[in-house]
Amino acid sequence: MVEEIFSSPKKRGRIAVFLSGRGSNFRAILEAADAGKINASIALVFSNVEAAPGLLFARERGLESLYLNPKLFASREEYDKEAVRQVRKRDVDLVCLAGYMRILTPYFCREFKNRSMNIHPALLPSFPGLHVQQKAIDWGVRYSGATVHFVAEEVDMGPIIIQAAVPVLQDDIEDTLAARILVEEHKIYPEAVRLYFEGRLDVRGRRVFIRET
Ligand code: GAR
């Protein structure tokens, strides 16, 4: 049975991007939206890092941006409650985690169940967590890649939407593998967001089905 059918394909959607750093995935989504490939616009760029280059870029582009200082909140729950409030205030349809290096509370995950996505630089469920390109090299896997998935309470473990594989080469170091994976990230994240706003993603248990047009 279809658990949920997402946003209406007719309405132009609103995206909140959460990031902590460079923001190259954010820019890939923004470019796709600007080019009319995604039926949505960026309503908010949110960060837990004041000097995140992605946040500064959003400001330069005149996008609505918001930094919340984690030190001003008594707990992670309080922080996420405020983040949720800010997102709701802007009538956002989808939250895209794009290098957001802060673990979300179960509260946040429940509030945006099947309405938040994450990109991860490995073929999940292999290599969740951090420094995963180095872990893939150390394990000696022949392929790694990127995964876009819906956010669930268990970190990096939500229903998988799209994956892309890349070879791991014998002379790879963390940076070279990360760069090869990043090229794929910039393709599959905008693609997953596009499918979402076309109302074509159905979640059934762990599995995501992509409906034909
Ligand atoms: C990306 O490689 C993304 O997959 C990774 O952080 C990088 C952010 O780059 N995310 C994670 O590791 C989350 N577990 P960006 O700021 O240039 O988009």
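**Side-chain contacts and ligand surroundings**

Glu-82 and Arg-85 both belong to helix α3 (residues 76-89), where they stand 3 residues apart, about one turn of the helix. In this predicted model, their side chains meet in a salt bridge, with an N to O distance of 3.0 Å. The two partners are covered to unlike degrees: Glu-82 has a relative accessibility of 17% and counts as buried, whereas Arg-85, with a relative accessible area of 47%, is partly exposed. Buried here means under 20% relative accessible area.

A further salt bridge starts from helix α3 and involves Arg-88 and Glu-111, whose closest N and O atoms are 2.7 Å apart. Because Arg-88 lies in helix α3 and Glu-111 in helix α4, this pair ties together parts that are 23 residues apart in sequence. Arg-88 counts as partly exposed at 42% relative accessibility, and Glu-111 is also partly exposed, with a relative accessible area of 27%. Arg-88 has an aromatic contact as well: its charged end sits over the ring of Phe-112, 5.1 Å from the ring centre. Another lysine or arginine contact with a ring is made by Lys-81, which lies over the face of Tyr-107 at 6.0 Å from the ring centre.

In helix α6 (residues 174-197), Glu-184 and Lys-187 are placed 3 residues apart, about one turn of the helix. The side chains of Glu-184 and Lys-187 form a salt bridge of 3.3 Å, N to O. Glu-184 counts as buried, at 18% relative accessibility. Salt bridges with shared partners also join Glu-191, Arg-194, Glu-198 and Arg-200 into one network. The structure has 12 salt bridges in total.

Aromatic contacts were examined next. A pair of aromatic rings is described by the distance of the centres and the angle of the planes. The structure contains 9 aromatic pairs. In one of them, Phe-18 and Phe-108 meet edge-to-face, with 5.6 Å from centre to centre and 65° between the planes. Phe-18 is part of strand β1 (residues 13-19) and Phe-108 is part of helix α4 (residues 106-111), so the pair ties together parts that are 90 residues apart in sequence. Phe-18 and Phe-108 are both buried. Phe-108 also pairs with Phe-112: the ring centres are 5.2 Å apart and the planes lie at 45°, so this pair is tilted. Phe-112, like Phe-108, is buried. Ring pairs link these three residues with Phe-46, Phe-73, Tyr-79 and Tyr-100 into a cluster.

The surroundings of the ligand were then described. Residues around the ligand include Arg-22, Gly-23, Ser-24 and Asn-25, together with Gly-99 and Met-101. Ile-119, His-120 and Pro-121 also surround the ligand, as do Asp-156, Leu-182 and Glu-185. Polar side-chain atoms approach the ligand at several of these residues. A polar side-chain atom of Arg-22 is 2.6 Å from an oxygen atom of the ligand. For Glu-185, a polar side-chain atom lies 2.8 Å from a ligand oxygen atom. His-120 contacts a nitrogen atom of the ligand, which is 3.2 Å from an N or O atom in the His-120 side chain. On its own the ligand has 450 Å² of accessible area, of which the protein covers 88%.

Terms used: Residues are numbered from 1 along each chain as its sequence is written. This is a predicted model: local features need pLDDT of at least 70, side-chain atom pairs count only at pLDDT 80 or more; totals for chains, interfaces and linings use all residues. Side-chain values use heavy atoms; hydrogens and water are left out. Rings of Phe, Tyr and Trp (its six-membered ring) pair if their centres lie within 6.5 Å; planes under 30 degrees apart count as stacked, over 60 as edge-to-face and the rest as tilted. Helices (H or I, at least four residues) and strands (E, at least two) are DSSP runs, numbered from the N terminus. Buried means under 20% relative accessible area, exposed over 50%, partly exposed in between (1.4 Å probe, protein chains only). A charge sits over a ring if NZ of Lys or CZ of Arg is within 6 Å of the ring centre and within 35 degrees of the ring normal. A residue is near a molecule or strand if one of its heavy atoms lies within 4 Å of it. A polar contact is a pair of N or O atoms within 3.5 Å; within protein, one must be able to donate a hydrogen and the other to accept it, and residues adjacent in sequence count only if both atoms are side-chain atoms. Accessible areas come from the Shrake-Rupley method with a 1.4 Å probe; for residues, only the protein chains shown count as cover. A salt bridge is a side-chain nitrogen of Lys or Arg within 4 Å of a carboxyl oxygen of Asp or Glu.
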